[in-house]
Amino acid sequence: MSADRDRLQAGAEVLGTPITETQADTLLAYLALLQRWNQVYNLTAIRDPQQMLVQHLLDSLSVLAPLDRHRAGLGERPIRLLDVGSGGGLPGAVIAVLQPDVAVTCVDTVGKKATFIRQVGAELRLPNLQARHARVEELREPPYDVITARAFASLADLVRLTRSLLAPGACWMAMKGQHPQAEIDTLPVDVSVFHVEQLQVPHLDAERCLIWMRPATV
């Protein structure tokens, strides 16, 4: 555990998101839950614990510093964040652990995945983590300040399916691999990509980026 904790803390430091031992241990407890449930339910195709630490935890941690910078422009008010197609809770559960003032809702069409997220919230005592078993376009919820997704769908589909859930002045934060220029080109004309942020995940030899979008101002 200590070696994994050290690796996780070192990676978080590189990503500009230093975490405490307690936070690292909570994230590792989440990963242990994911591994245990994965033996019965297919929550993730990645089975190797070290690969899971990198491709799930560190990959999700890479959005925390960008999200912090975005929140700095919103003032100190708490925000609501929707994680679409969350699967096993990535990045939603990770955000919930490290930002307890963010109300995180994870939505997935697969019931066992939503059940897992509820179990994570209960076992890790995360009152700010909620789960919904639903198609995102059928959600009837108060609007969200940030809508994120990791390998959920094309940018155009993400925008189309979730636009009604976006609060005034809110934005999308889409996690992607390579720069998705073809997807950007198919976005509606009234959606603006205001930032493409390159990410470098420690120990991961793959491209990562964040696509920040919002409704275009007239």
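Which residue in β4 stands opposite L81? In this predicted model, the residue opposite L81 is V146 of strand β4. The legends below describe close-up views of the strands, a helix, the annotated residues and the backbone geometry.

**View 1. Strand β1 and its pairing with β2 and β4.**
Strand β1 spans residues 79-84, and 5 of its 6 residues are buried, so the strand is largely enclosed by the rest of the structure. Strand β2 (residues 102-108) runs parallel to β1, and 6 bridges join the two. Within this pairing, I79 stands opposite V102 of β2. The connection between β1 and β2 passes through helix α5 (residues 92-98), forming a β-α-β crossover that is right-handed. β1 also pairs with strand β4 (residues 144-150), again in the parallel sense, over 4 bridges. L81 of β1 faces V146 across this second pairing.

**View 2. Helix α2 and its packing partners.**
Helix α2 comprises 18 residues, numbered 21-38. From its first C-alpha to its last, α2 reaches 25 Å, which is close to the 26 Å expected at 1.5 Å a residue. The buried residues of α2 are A24, L27, L28, Y30, L31, L33, L34, W37 and N38. These buried residues pack against four helices: α1 (2-14), α3 (49-61), α5 and α6 (111-123).

**View 3. Residues annotated as a binding site.**
An unreviewed UniProt entry carries the annotation "binding site" for G85, L90, V136, E137 and R150. Of these residues, G85, L90 and R150 are included in the lining of the largest pocket. The two views that follow take up G85 and L90 in turn.

**View 4. Surroundings of G85.**
G85 lies in the loop between β1 and α5. Its relative accessibility is 27%, which falls between the 20% and 50% limits, so G85 counts as partly exposed. When residues up to four places away in sequence are not counted, G85 touches V107, D108 and F152. Of these contacts, V107 and D108 belong to the residue range of β2.

**View 5. Surroundings of L90 and the cis bond to P91.**
L90 is found in the loop between β1 and α5. With 6% relative accessibility, below the 20% limit, L90 counts as buried. Leaving aside residues up to four places away in sequence, the contacts of L90 are Y30, H56, S60, D83 and R150. Among them, Y30 is one of the buried residues of α2, and R150 shares the "binding site" annotation with L90. The peptide bond from L90 to P91 is cis, with omega near 10°. P91 lies in the loop between β1 and α5. Most peptide bonds are trans.

**View 6. Positive phi at R125 and H203.**
Most residues other than glycine have a negative phi. R125, which is not a glycine, has a positive phi near 55°. This residue R125 is in the loop between α6 and β3 (129-133). R125 is exposed, with a relative accessible area of 73%. H203 likewise has a positive phi, of about 70°, although H203 is not a glycine. The loop that holds H203 runs between β6 (191-199) and β7 (208-215). H203 counts as exposed because its relative accessibility is 56%, over the 50% limit.

Conventions
Residues numbered from 1 in each chain as written. Predicted model: local features only at pLDDT ≥ 70, side-chain atom pairs only at ≥ 80, totals over all residues. Heavy atoms only, no water. Buried < 20%, exposed > 50% of the residue type's maximum accessible area, 1.4 Å probe, protein only. Pairing = 2+ DSSP bridges. Right-handed = clockwise from strand over helix to strand, strands pointing away. Expected span 1.5 Å × (residues − 1). Contact = heavy atoms within 4.5 Å. UniProt positions renumbered as here; feature names shortened; annotations may be inferred. 1 Å grid on protein atoms, 1.4 Å probe; cavity = no way out; pocket = protein on both sides within 12 Å on 5 of 7 lines; lining within 4 Å.
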